[in-house]
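Student: I would like to learn how to read helices, buried side chains and salt bridges in a model such as this one. Could we take them in turn?

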Amino acid sequence: MVIEDFNRIKEQLGFEEGIHGKEEYFNSVVLVLLMPINGEYHFVFQKRAANIRQPGEICFPGGKIDETDTSLEQVALRETYEEMGIPADKIEIIGRINTLVAPMGVTVDAFVGIADVSLEELAVNESEVERVITLPVTYFLANQPDRYNVKIEVHPTTVDDKSGKEIVLLPVEELGLPAIYKNPWGNYLYKVLVYKTHEGVIWGITARIVHEVARKIERIIN
C-alpha cells in the first residue's frame, strides 16, 4: 500500500457514527406514540394478536424495514398506519432515541411522535393487533420498572431439532483455537426491565424504550 492510498482510505472511513455489523441483525423500527387524553399525554401501545410472532405481548407499533422504505422514519409511519390506521399527516415526529441493540440479534430504532387523532378514530388491523392500550406518561414517571437478568452465552455448537444430532457452528479444533472455546463462553448478564401495569406486563425492548423516553421527559419537567 502506497502513501497516496491513504487519502482514499480517509474518504471511505469518515467520522459518521453507526453500528458495525448492523446488517447482520434483524433491523426494526417502532413509533413511540403519544396521544393527548383527558388533558394529559398517554403512551399508546398495542397488544399483539394471537396468530403472529410474539403473540399477546404489549408493544409499540412498528416492524421490519421494507425494501420500498426510503428512511427509518417512513418505516415507523408506514407500520403505524398499517397496524392502527393513523395517517402519516396526523402524526408529528418530535424526535428519536438512540438505536437499541439487543443481544438476541435485533436492533430497534425508535421515533417519538404525537398523534393528532382520538382513540375512536383508530382503524385497528385486527389480524395484527388484539387491542389498543393507553397509559399516562405520568405513570411511568412515578413508577420505576422492576429489574431482572437473563444469562447470555455464546455456544459453538447447537442441536438439530429433528435429528437430535450436534451441529458444529465454530470448528474450534480445526481452526486451532484455544480448547476453552469448545464449551459455551460469555456468561453475560443482560438486564431486563419489567413494568407490571393494570393493563398487563410491559417488558423487554418495549420497557427499555419507555424507560428511556420517560427519563428524558423527567429531565425536562424536574
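**Reading helices, cores and charges**

Tutor: Let us begin with K216 and E212, which both lie in helix α5, four residues apart, about one turn of the helix. This is a predicted model, in which local features need pLDDT of at least 70 and side-chain atom pairs count only at pLDDT 80 or more, while totals for chains, interfaces and linings use all residues. Residues are numbered from 1 along each chain as its sequence is written, and side-chain values use heavy atoms, with hydrogens and water left out.

Student: What does a spacing of three or four places tell a reader about a helix, and which residue is three residues apart from E212 in helix α5?

Tutor: An α-helix has 3.6 residues a turn, so residues three or four places apart point the same way. Helices here are DSSP runs of H or I with at least four residues, strands are runs of E with at least two, and both are numbered from the N terminus. R215 is three residues from E212 in α5, and therefore the two are separated by about one helical turn.

Student: How is charge pairing read, and which residues form a salt bridge with E212?

Tutor: Side chains of opposite charge can pair when their charged atoms come close. The rule for a salt bridge is a side-chain nitrogen of Lys or Arg within 4 Å of a carboxyl oxygen of Asp or Glu, and by this rule the count comes to 11 salt bridges. E212 pairs with R215, the closest N and O atoms being 2.6 Å apart, and with K216, where the closest N and O atoms are 3.5 Å apart. Elsewhere, K22, R96 and D109 are linked in a network of salt bridges.

Student: Is K151, which has a relative accessible area of 52%, buried or exposed?

Tutor: Buried means under 20% relative accessible area, exposed over 50%, and partly exposed in between, using a 1.4 Å probe and protein chains only. K151 is exposed because its relative accessible area is 52%, whereas E153, at 33%, counts as partly exposed; K151 forms a salt bridge with E153, with 3.3 Å between the closest N and O atoms.

Student: How does one check the length of a helix, and how far does α2 reach?

Tutor: The expected span is 1.5 Å times one less than the number of residues. Helix α2 (residues 72–84) has 13 residues and reaches 18 Å from its first C-alpha to its last, close to the 18 Å expected. Following α2 is G85, whose phi is positive, near 75°.

Student: What surrounds E83, a residue of helix α2?

Tutor: Contact means heavy atoms within 4.5 Å, and, not counting residues up to four places away in sequence, E83 touches several residues, including P61, A123 and V129. E83 is buried yet has no salt bridge, the nearest side chain of opposite charge, R48, being 5.7 Å away; for this purpose Lys and Arg count as positive and Asp and Glu as negative, with His and the chain ends not counted. The side chain of E83 does make a polar contact with the side chain of Q46 (2.7 Å), meaning a pair of N or O atoms within 3.5 Å; within protein, one must be able to donate a hydrogen and the other to accept it, and residues adjacent in sequence count only if both atoms are side-chain atoms.

Student: And what about T80?

Tutor: T80, also in helix α2, is buried, with a relative accessible area of 0%, and its contacts include L31, L33 and I91.
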